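Me: Please take a close look at one part of this structure, the sheet of one chain, and describe how that part is put together and what surrounds it.

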Number of protein chains: 2
Amino acid sequence: MTTMLIVGGTGDTGSWFARYFRDRGFVVLVWGPSGKVQVAESMGVAWASDLDRAVEESDVVVISVPIERTVEVIRDLAPRMKPGSLLMDVTSLKSEPLRAMDAFAPAGVEVLGTHPMFGPTMPRLEGQTIILTPAKGRGQAWLVRLREIFEADGASIEVLSAEEHDEIMAVVQALTHFAYIGIGSALRALDFDVARSRRFMSPVYEIMLDFVGRILDQSPELYASIQQNPRATRVRQVFIGECMRLAERAESGDLAGFQDIMRLAAQHYGQTHQALLRSDRIINARVRERDGNPGDGNPGDRSTGDGNPGS
Amino acid sequence: MTTMLIVGGTGDTGSWFARYFRDRGFVVLVWGPSGKVQVAESMGVAWASDLDRAVEESDVVVISVPIERTVEVIRDLAPRMKPGSLLMDVTSLKSEPLRAMDAFAPAGVEVLGTHPMFGPTMPRLEGQTIILTPAKGRGQAWLVRLREIFEADGASIEVLSAEEHDEIMAVVQALTHFAYIGIGSALRALDFDVARSRRFMSPVYEIMLDFVGRILDQSPELYASIQQNPRATRVRQVFIGECMRLAERAESGDLAGFQDIMRLAAQHYGQTHQALLRSDRIINARVRERDGNPGDGNPGDRSTGDGNPGS
């Protein structure tokens with residue numbers, strides 16, 4: 001019988017993991033700062049009324065609290081953990097939490113950074129990615145066991161150093177969000193009529209607009225904290241710099257210069273045509289859905305490419 | 001019997017319209033500067049070997065040439081048109097072509113700007129948008145007739161002034177492309193390993209990356225010319241300005257300031273939650289497709305939302 005304490009286990013992410021491990025035979029306890037005992041009850045898992053004791057007795061302690069509180073919670077709880085147990089977090093940044101777990105977990109406690117690359121609305125792990133960032137010399141037994149559990153459910157497991165993780169996420173998460181939030185803020189600054197613009201949409205604009213709205217619909221705290229990735233500073237500056245270069249070319253009428261930037265970017269990107277075909281399928285699925293006919297089993301029947309000025 | 005000459009009718013967009021109007025009973029002639037007679041033959045439409053005479057005798061002349069050549073082609077051909085005929089273009093920008101058509105078409109010739117909001121890979125008009133920008137006092141008869149034809153095929157017709165069109169497209173097309181090209185160029189400037197990053201994808205990143213690749217895969221000439229929209233200058237500057245404001249907040253650790261920008265943008269955007277739900281469906285369709293099971297008629301069976309740090 002393996003006991004797992006999830007600190008922040010009544011939040012969206014924490015309760016996802018509570019249910020996940022409960023269903024895989026773990027004895028799960030949850031605790032959260034706002035004392036939502038009823039959330040634990042509704043999941044059929046125990047509420048850790050004595051947090052310190054739960055930390056001392058658990059085989060696994062999972063830290064699932066907002067990024068900016070992660071280090072402080074680790075510092076408070078990790079020293080109480082028992083030898084042979086595992087301390088893991090599920091934060092989107094890894095260098096800082098990992099350093100804290102490494103520093104505050106007693107010798108004999110394994111340490112594992114974890115970043116699930118999906119949201120808590122996902123019912124199944126199949127086809128999803130989880131990145132694991134182990135601490136050097138802090139054991140492998142739990143990593144192997146968790147990996148087996150996740151892989152049995154069809155997840156793709158990637159093992160990275162915490163630093164490499166943060167470097168990649170500075171683009172995968174921070175830059176992606178940053179560009180979309182920048183567009184959203186520009187729409188406001190321009191006082192652009194978003195609802196009316198839907199009458200004049202191209203498929204590419206339509207989907208871009210939905211992803212801007214998707215991000216603006218969610219927790220500003222979360223998105224702001226993801227920008228705190230130390231590697232994101234350079235990424236943002238490079239992005240803004242490239243936008244300025246492109247704008248300069250466009251404004252001076254240097255169309256050849258603008259095209260050169262695009263060609264070099266295409267060359268670096270690599271398989272752009274596969275991306276075109278994949279995005280065609282996204283657009284086709286969307287057109288089918290808009291026609292009130294989702295998933296009609298015929299994805300190729302209506303192409304809405306934008307190889308011409310119409311896009 | 002209505003005769004239609006399509007100048008540039010052997011290009012992607014021009015030949016789309018050649019086939020479209022051919023199938024609707026028009027006698028279509030095409031001409032192109034590279035003399036691709038075999039393209040006309042393959043479509044079963046006539047090649048306008050005597051361009052001037054074709055212009056003089058046609059009931060409709062469609063200008064479908066690259067944006068930067070549109071005005072010059074209009075200046076050369078429009079003066080020869082006969083009274084009662086229609087001069088129209090299918091360019092992504094409208095103010096300048098419309099001014100040229102208005103200036104060079106003789107009195108008695110109707111003038112209509114046209115912008116199909118889709119690409120030439122689309123087999124059907126159903127569910128697609130076409131924007132019409134008529135010239136003031138240059139007749140309504142052809143506008144009514146074309147509108148009826150397009151609407152009979154399920155297209156959505158929007159009538160705008162050329163200026164209003166360009167103002168909206170400065171966001172819908174120019175800003176959308178600009179942000180994606182900026183991301184693509186940043187990936188190059190960062191020497192970011194795009195192929196490897198697919199191992200660590202979130203659904204939001206994955207789809208963003210495909211749209212970057214989609215645009216980089218297509219004609220740099222086209223995308224550069226769309227940036228020549230005179231209204232795009234301000235839009236690009238406002239976008240870059242908002243990115244700089246966001247970066248400044250992130251870099252100074254002003255998380256509250258970053259969140260405030262997001263909240264104002266969300267407020268201006270309006271129905272963000274509907275956008276989240278629509279983008280959920282896009283993501284779900286993508287996950288199903290990746291599993292080799294496209295269009296299984298059950299779009300809601302796997303949600304991959306990113307309401308947590310995992311996105």
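Reply:

**The sheet of chain B and its surroundings**

In this predicted model, chain B has an open sheet of eight strands in the order 3-2-1-4-5-6-7-8, with mixed pairing. Strand 3 (46-47) and strand 8 (156-159) of chain B are the edge strands, and each of them pairs on one side only.

Strand 2 of chain B is a convenient place to start. Four of its five residues are buried, so strand 2 of chain B is largely enclosed by the rest of the structure. On one side, strand 2 of chain B pairs with strand 1 of chain B in the parallel sense, over five bridges. Within that pairing, B:L29 in strand 2 has B:L5 opposite. The connection between these two strands goes from strand 1 through helix 1 to strand 2 of chain B, a β-α-β crossover that is right-handed.

Strand 2 of chain B also pairs with strand 3 of chain B, in the parallel sense and over two bridges. B:L29 appears again here, since its bridge partner in strand 3 of chain B is B:A46. Helix 2 (residues 37-43) of chain B links this pair: strand 2, helix 2 and strand 3 of chain B form a right-handed β-α-β unit.

Further along the sheet, strand 5 (residues 86-89) and strand 6 (residues 110-116) of chain B are parallel partners joined over four bridges. One of the residue pairs is B:L87 with B:V111, the latter lying in strand 6 of chain B. Helix 1 (residues 12-22) of chain B packs on the sheet and touches strand 1 (3-7), strand 2 (27-31) and strand 4 (60-63) of chain B. The direction of helix 1 makes about 165° with that of strand 2 of chain B.

Next, the contact between the chains. In chain B, 121 residues are in contact with 121 residues of chain A. Helix 7 of chain B gives the most to the chain B side, with 17 residues. By class, that side has 62 nonpolar, 37 polar and 22 charged residues.

Helix 11 of chain B also has neighbours in both chains. Its buried residues pack against helix 7 (162-189) and helix 11 (232-251) of chain A, together with helix 7 (162-189) and helix 12 (255-269) of chain B. Among these buried residues are B:V235, B:V238, B:F239, B:E242, B:L246 and B:R249. An α-helix has 3.6 residues a turn, so residues three or four places apart point the same way. At 1.5 Å a residue, the 20 residues of helix 11 (residues 232-251) of chain B should span 28 Å, and its end C-alpha atoms are 28 Å apart, which agrees. After helix 11 of chain B comes B:G253, whose phi is positive, near 75°.

For reference, chain A also has an open sheet of eight strands in the order 3-2-1-4-5-6-7-8, with mixed pairing. Strand 3 (46-47) and strand 8 (156-159) of chain A each have a single partner strand, so one side of each is left without a neighbour in the sheet. Strand 4 (residues 60-63) and strand 5 (residues 86-89) of chain A run parallel and are joined by four bridges, with A:V62 opposite A:M88 in strand 5 of chain A. Helix 4 (residues 67-77) of chain A lies across strand 1 (3-7), strand 4 and strand 5 of chain A, at about 155° to strand 4 of chain A.

Terms used:
Residues are numbered from 1 along each chain as its sequence is written. Chains are lettered from A and ligands numbered from 1 in the order in which they are written. This is a predicted model: local features need pLDDT of at least 70, side-chain atom pairs count only at pLDDT 80 or more; totals for chains, interfaces and linings use all residues. The expected span of a helix is 1.5 Å times one less than its number of residues. A residue is buried if 20 or more other C-beta atoms lie within 10 Å of its own, exposed if 12 or fewer, and partly exposed in between; C-beta atoms are placed from the backbone. Two residues are in contact if their C-beta atoms, placed from the backbone, lie within 7 Å. Two strands pair if DSSP finds at least two bridges between them. Axes are lines fitted to C-alpha atoms, for helices over the stretch in contact, and angles run from 0 to 180 degrees between N-to-C directions. Ala, Val, Leu, Ile, Met, Phe, Trp, Tyr, Cys and Pro count as nonpolar, Asp, Glu, Lys and Arg as charged, and the others, Gly among them, as polar. A crossover is right-handed if, with the strands pointing away from the viewer, the path from the first strand over the helix to the second runs clockwise.
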